Amino acid sequence: MGLGSNLGDRYEHIKRAVRLIGERVGDVIRQSSFIETEPWGFESPNRFLNGVICCETTKTPHEVLKLTQQIEREMGKRKEHATRRSQIDNRKSVNRKYFDRPIDIDILLYDDLTIDEPDLKIPHPLMYERDFVMIPLKEIKEE
């Protein structure tokens with residue numbers, strides 16, 4: 001899983017997300033170091049702190065998605081809304097526009113599975129374009 005934060009205490013947000021993933025999804029068996037990066041796909045004065053973890057789980061990919069989205073919501077991830085700001089929107093972006101967030105959790109890989117559904121794509125379709133994913137992913141794959 002890829003983790004990122006660019007609001008508040010970024011390090012603490014990622015540490016908390018890792019702890020919650022360990023409690024709800026499965027054992028975190030590897031964790032990369034953190035790297036600081038510029039926002040990808042949008043402009044913001046807030047730099048990201050990013051890292052990658054490897055988790056052993058008995059959950060299905062869709063269960064993992066639901067659990068990680070729940071963690072994001074609990075940690076204050078708000079979605080910008082195309083129409084009404086008070087409406088809850090579970091998308092990572094609106095019209096492919098990304099936003100600042102205290103935590104972002106992406107499922108990058110799940111064993112050797114390939115899933116191409118509207119709500120879940122594994123491997124993550126943009127991971128190879130993102131150094132903030134590939135650098136930490138390479139670090140934990142070499143362990």
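These are my notebook entries on the cores, one pocket, a helix and a loop residue in this structure. I'm working from a predicted model.

**Entry 1: the main core**

I started with the nonpolar cores. The largest one has 22 residues, and Met1, Leu3, Ile21 and Ile105 make the most contacts inside it. Then I looked up which elements feed this core: helix H1 (10-24), strand S4 (48-57), helix H2 (61-74) and strand S7 (120-122) give two or more residues each. The biggest contribution is from H1, with 5 residues.

**Entry 2: Met1**

What does Met1 touch, leaving aside its neighbours within four places in sequence? I got a list that includes Ile21 and Val25, then Gly51, Val52, Ile53 and Cys55. Val64 and Thr68 are on it too. The rest of the contacts are a run of four, Ile105, Asp106, Ile107 and Leu108.

I also found a second core, separate from the one above, with 7 residues, among them Val52, Leu108, Phe132 and Leu137. Val52 and Leu108 are both on the contact list of Met1 as well.

**Entry 3: the second largest pocket**

Next I turned to open space. For the second largest pocket I noted a volume of about 440 Å³. Its lining counts 19 residues, and Cys54, Cys55, Leu109, Tyr110 and Asp111 are the ones closest to the centre. Which element supplies the largest share of that lining? I found it to be S4, with 6 residues. Strand S2 (26-31) and helix H3 (131-141) also supply at least two residues each. I sorted the lining by class and got 14 nonpolar, 1 polar and 4 charged residues.

**Entry 4: helix H3**

H3 lines that pocket, so I checked how the helix is oriented. Its buried residues are Phe132, Val133, Pro136, Leu137 and Ile140. They sit on the same side of H3, because they cover an arc of only 115 degrees around the axis. On the face turned away from that buried side I found the exposed residues Asp131, Lys138 and Lys141. What covers the buried residues? I listed S2, strand S3 (35-37) and S4 among the elements that do so. Two of the buried residues, Phe132 and Leu137, belong to the second core.

**Entry 5: Tyr128**

Last, I looked at the loop between S7 and H3, where Tyr128 is found. Is Tyr128 buried or exposed? Its relative accessibility is 57%, so I put it down as exposed, the cut-off being over 50%. I also checked Tyr128 against Leu108: they are 20 residues apart along the chain, and their C-alpha atoms are separated by 10.0 Å.

Conventions: Residues are numbered from 1 along each chain as its sequence is written. This is a predicted model: local features need pLDDT of at least 70, side-chain atom pairs count only at pLDDT 80 or more; totals for chains, interfaces and linings use all residues. Side-chain values use heavy atoms; hydrogens and water are left out. A nonpolar core is a set of buried Ala, Val, Leu, Ile, Met, Phe, Trp, Tyr and Cys residues joined through side-chain atoms within 4.5 Å. Buried means under 20% relative accessible area, exposed over 50%, partly exposed in between (1.4 Å probe, protein chains only). Helices (H or I, at least four residues) and strands (E, at least two) are DSSP runs, numbered from the N terminus. Contact means heavy atoms within 4.5 Å. On a 1 Å grid over the protein atoms alone, a cavity is a set of points where a 1.4 Å probe fits but cannot get out, and a pocket is an open set with protein on both sides within 12 Å along at least five of seven lines; lining residues have an atom within 4 Å of a point. Grid points are joined across faces, edges and corners, and a volume is the space filled by probe spheres set on the points. Ala, Val, Leu, Ile, Met, Phe, Trp, Tyr, Cys and Pro count as nonpolar, Asp, Glu, Lys and Arg as charged, and the others, Gly among them, as polar. The arc is that of the directions from the helix axis to the C-beta atoms.
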